[in-house]
Every structure is written in structure tokens, then in C-alpha cells.
Amino acid sequence: MSVWIGIDLGTQSVRAMAVAGDGRVLGTGSRPLTSHRDGPRHEQDPEQWWRELAAATREAVSTVTEPVEGVAVAATSGTILLTDPSGRPLTPALMYDDRRADASLANEVGARVWERLGYRRMQPNWALPKLLWLLPGAPAGARLAHQNDFVNRRLTGHAVATDLSNALKTGVDLIAERWPLDVLDALGVPGAMLPEVVRPGTTLGVVCAAAAEETGLPAGTPVIAGTTDGCAAQLGAGALRPGSWNSVLGTTLVLKGVTKELIHDPLGVVYSHRAPDGSWLPGGASSTGAGALTRDLPGRDLDALSAEAAARYGADRPPAAPRAGGGGPAGWRVPPAVTYPLVSRGERFPFAAPDAEGFTLGEPADDAERYAAILLGAAFVERLCFDYLDLLGAPVDGELVLTGGATRSAYWTRLRADVLERPVTLRENAEPALGMAVLAGGDPASMIRTRAVVEPSGADLREPYLRFVTELERRGWLDATAAAHARERTTTR
């Protein structure tokens, strides 16, 4: 049986996974990464990426005896550096959330292109503003490299193309599938500095002898153009058909789906990657999520609170017919409070509100009620995201796959199904590294396995959801059109 290698080059670690064609994980390896943070500055050492990637990959393949058919690398979105023509780093890597750059010039010059691509404007932490910030000190012959471009060059031993997914935040024209050279020229970016662009899934070369020695991968193994970490997680979750979505709820909430047509968002909070088959992968990232639990309930046993909330409010019960008079199944009741669980100041999706702050409607009496209020608020934000996507014309009626740390709580998973009023799917393994193994050539139908499908319990949470929507609108954060659409969609379902 053949094996594919997926590598997830993240912020805190690099993880490699050897996956068989039937989805069995034959080997894994992981190594930590260190960062240098100081206010808006966030940098990493690119040489450390390669050292730790090589070590993690060597560990993952150390017991693999089957033939390795391909390797692909996922990396953080918007992370870049400058290299010399031979691929040696000239600068530290500016990480995805480094905010020292100013996006105003890029937005002024490229407005027409960014509008056509649907996201309307760039953020300061996107790659193109960071490239402009690096340019004044760049020596002659400097080259742009995204995070996975740097390690792919080490794997192949020669210059490589970048993929459309990682190049999105550097301003690539995803419709024409090429750099908008007129815009970049006007910004002072030399065309010779830019790598070629290909779709994810394109063969970039093969593992060279030097890389084989360091990584343990067989020399001659095809090296496949990867994606950003978010797209890799979506591939690993198996959200691959138009209308299907992957909702990742961990510290924060990220939604990514599949559409046949490019989605245009007047607020600029949804942007789309290009899929390997040419379809589109729209998505957005909220600033709400489980990070509010560790902040607001420090030191508490969250598993114990989950069990207490489930017993108290009944959302852990299997689906049942609603009791007489409506409202939900017998033994079920609405948590008495709901919290808007912002992890940090400001919201990014499903609306843009830099000054947004968390709040609680109602008065939680104890930690179990505070816990339930945070979970309910996160589920309401998730539903509002889907209401907004529906307003933009995105299909949202396909399979919904839940991944991320929140899925460890059975209560939270059932609550989300109740709020969304639809079944939700859990996978056995939905890591970004698995998504890269699939992209490297594995068969997703065989490699991606379903653990469970969780049905709604029949609980009716529409009234507290609409109160939550009204409060967001009252505070001036949620657009009136989006709020009206959420009400219409809720009352007509």
C-alpha cells in the first residue's frame, strides 16, 4: 500500500504525518518552533523551520516500509521573508500576525483588483503590505518567499513556484491565476522578485539527495504545492463539495467552505482561496471562541463544567420529539445567560468592528452558568456567520464538519447542532497534516473517516438567538441588512 506525507508548518510547532491509502496513520513526528514577539512584531527564524521540519519528517517515516508517493506542506497564511537567489534567508520571517506594516498604499493602488477578487481591501498583517515594508532595505537580487516556498526549495534543491493559496495575501490575481504586475510595478515591487504561481496540488519537483539525507524521505519523492494551514484543515476535514463547510472552533472560530462561484463581500470580512480544481474556498475568522473560557474561568476544570452544564440544561440528550407546547424536548431548558465571547478587542467576522467588546445578556449565577453562557454565545456567532454567508449568496446547505478543540465537549457539540438546527459531522482525524497527505495524492474518500454525525436534540433556541442579534445591532457593530436577514432566515426555518 502506498503512503503520502503531509506536513503542517505552524506557529508553535511543525507536524509531519505518514498516511496510508486507507486513512491509517503509519507514523507521526512533531517538533516545537520558537517565536520572537514584541508588540506588533512577530518573527521566526526560517532556518529553524527547515531543521525542525526535517527532524519531524524523519521521525514520521522512520518505521514506514511502504512506497512514499508524495509530500505536501501547509504553512501559516501571510508569513513571508526575503531570500537571496540561492534561497538563503536575508531577513527573519515576518509571521502571519506581524502588524508593523501599513496597508494604505497597497489598498490605494490595488483597490480595483482587490474589489474584483471579492475581499475589497488588505489588512496590515497581510503579506503584500509586509513586503512593501521590507523593500526599502532589500539588497539587489532579493526574492520573496512564503513560508512553505522556503522549505519546498530545500526539499527540491531548486527554486520553486508558490501556490495560489499562500500567494492570496501577497496580492495574486486568483481569477487570472497570475501576479497583477501593473499593480505591483506601481507599488515598486520588481517582477523578478516574485516566484511563479501554480495551483495547490501541482508538482513542484522531487525530493533531492541532500533533503532525503536530512528528512528520511526517499530521493525522487514528488513534492506537491501545498496550501495555507486553514485550507489544509478544510481538506483534512473533508469539506470538499460545493455547499459543504468546515467550522473550526478552538481559541477562535474559523469557517471555510466550497462554492462554484467567487463570493463578493461588501464588508470585506469574507475572502476566498482558489481550490485545486478551480472552485472557490470562501471563509472568515471570528475573534470569538474558546479562548474566552480560559480567560473568564481560570483554573477551572472545563470538562467538569461541561458535564455539569449538560446535566443542568439537557443538551446532551439524544434527539427527541419536542414536548407538548413546543420549546424543546422534555428535561431541556435554555441557559439563563448568553455571552458574546470575544477573545480580544475587535471583531473580524461575521462583521468588522474594531471597537467591539464582549458582553453578557443575563446574570450567570455560578461558573456552570458562565460556562454555558460562553458556549451559547459562540454557537450564536457561528449561526450568524452562516446567516451572513447565506446573505452573500454562498450555498450553506451541504455537510457541516466540526473540528477544533471544542468538539471534545459533547455538550457543546450538541448545543451547536441545536443552534444551527442541522446535523453536524465529526471526523476521526481532521488535522491539517492529513489534508496535505490528501493533497499530495491520496484518495479523500478512503483517507477521511467519519467518527459521528450529531443530530439536533429538538431544542428551540431561536428567541435567545434573535435577542443576541438585536443586541449586536443595537451596539452598532452588526449591519442592519445582515441583522434583518438573520431574523428573516430564523423565523422562516
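**Exercise 1. Place Gly284 in its strand, and decide whether Gly284 is buried or exposed.**

Solution. Start with the secondary structure: in this predicted model, Gly284 belongs to strand E17, which covers residues 280-285. Next, take the relative accessible area, which is 5% for Gly284; because buried means under 20%, Gly284 counts as buried. Then look at the surroundings: leaving aside residues up to four places away in sequence, Gly284 touches Leu253, Val254, Leu255, Val269 and Phe349. Finally, as a distance to check on the model, the C-alpha atoms of Gly284 and Ile7 are separated by 23 Å, with these positions 277 residues apart along the chain.

**Exercise 2. Follow the contact from Gly284 to Phe349, and work out which form the peptide bond from Phe349 to Pro350 takes.**

Solution. Phe349 is one of the residues that Gly284 touches. The peptide bond that leads from Phe349 to Pro350 has omega near 20° and is cis. As for its location, Pro350 lies in the loop that runs between strand E18 (338-340) and strand E19 (359-361).

**Exercise 3. Find where Arg120 and Glu177, which have a positive phi although neither is a glycine, are located.**

Solution. Take Arg120 to begin with: its phi is about 75°, and its place is in the loop between helix H2 (104-116) and helix H3 (127-134). With a relative accessibility of 35%, Arg120 counts as partly exposed. Turn then to Glu177, whose phi is about 60° and which lies in the loop between helix H5 (164-167) and helix H6 (181-186). The relative accessible area of Glu177 is 24%, so Glu177 is partly exposed.

**Exercise 4. Determine how helix H1 is oriented relative to helix H4, and which residues meet.**

Solution. The axes of H1 (residues 46-60) and H4 (residues 147-156) come within 10 Å and cross at roughly 55°. That angle makes H1 oblique to H4, and the crossing is right-handed. On the H1 side the contact involves Pro46, Glu47, Trp49, Trp50 and Leu53, which meet Gln147, Phe150, Val151, Arg154 and Leu155 of H4. Sorted by class, this contact has seven nonpolar, one polar and two charged residues.

**Exercise 5. Carry out the analysis for helices H8 and H13, and name the residues that make the contact.**

Solution. Helix H8 (residues 229-237) packs against helix H13 (residues 432-439) at an angle of about 75°, and their axes are 7 Å apart. Since angles from 65 to 115 degrees count as roughly perpendicular, H8 and H13 are roughly perpendicular to each other. H8 contributes Asp229, Ala232, Ala233, Leu235 and Gly236, while H13 contributes Pro432, Leu434, Gly435, Met436 and Leu439. By class, the contact of H8 with H13 has seven nonpolar, two polar and one charged residues.

**Exercise 6. Describe the largest nonpolar core, and identify which helix gives the most to it.**

Solution. The largest nonpolar core has 64 residues, and those with the most contacts inside it are Tyr340, Leu389, Tyr411, Trp412 and Leu472. Helix H11 (residues 367-391) gives the most to this core, namely 15 residues. For a closer view, select Trp412, which touches Leu249, Ala290, Leu293, Leu375, Ala378 and Ala406 when residues up to four places away in sequence are not counted. A second core, separate from this one, has 33 residues, with Met122, Ala127, Val172 and Leu262 among them.

Methods:
Residues numbered from 1 in each chain as written. Predicted model: local features only at pLDDT ≥ 70, side-chain atom pairs only at ≥ 80, totals over all residues. Heavy atoms only, no water. Core = buried A, V, L, I, M, F, W, Y, C linked by side-chain atoms within 4.5 Å. Buried < 20%, exposed > 50% of the residue type's maximum accessible area, 1.4 Å probe, protein only. Helix = DSSP H or I, 4+ residues; strand = E, 2+ residues; numbered from the N terminus. Contact = heavy atoms within 4.5 Å. Axes fitted to C-alpha atoms, helices over the stretch in contact; angles between N-to-C directions. Parallel < 35°, antiparallel > 145°, perpendicular 65-115°, else oblique. Left-handed = near helix turned anticlockwise from the far one by under 90°. Nonpolar A, V, L, I, M, F, W, Y, C, P; charged D, E, K, R; others polar.
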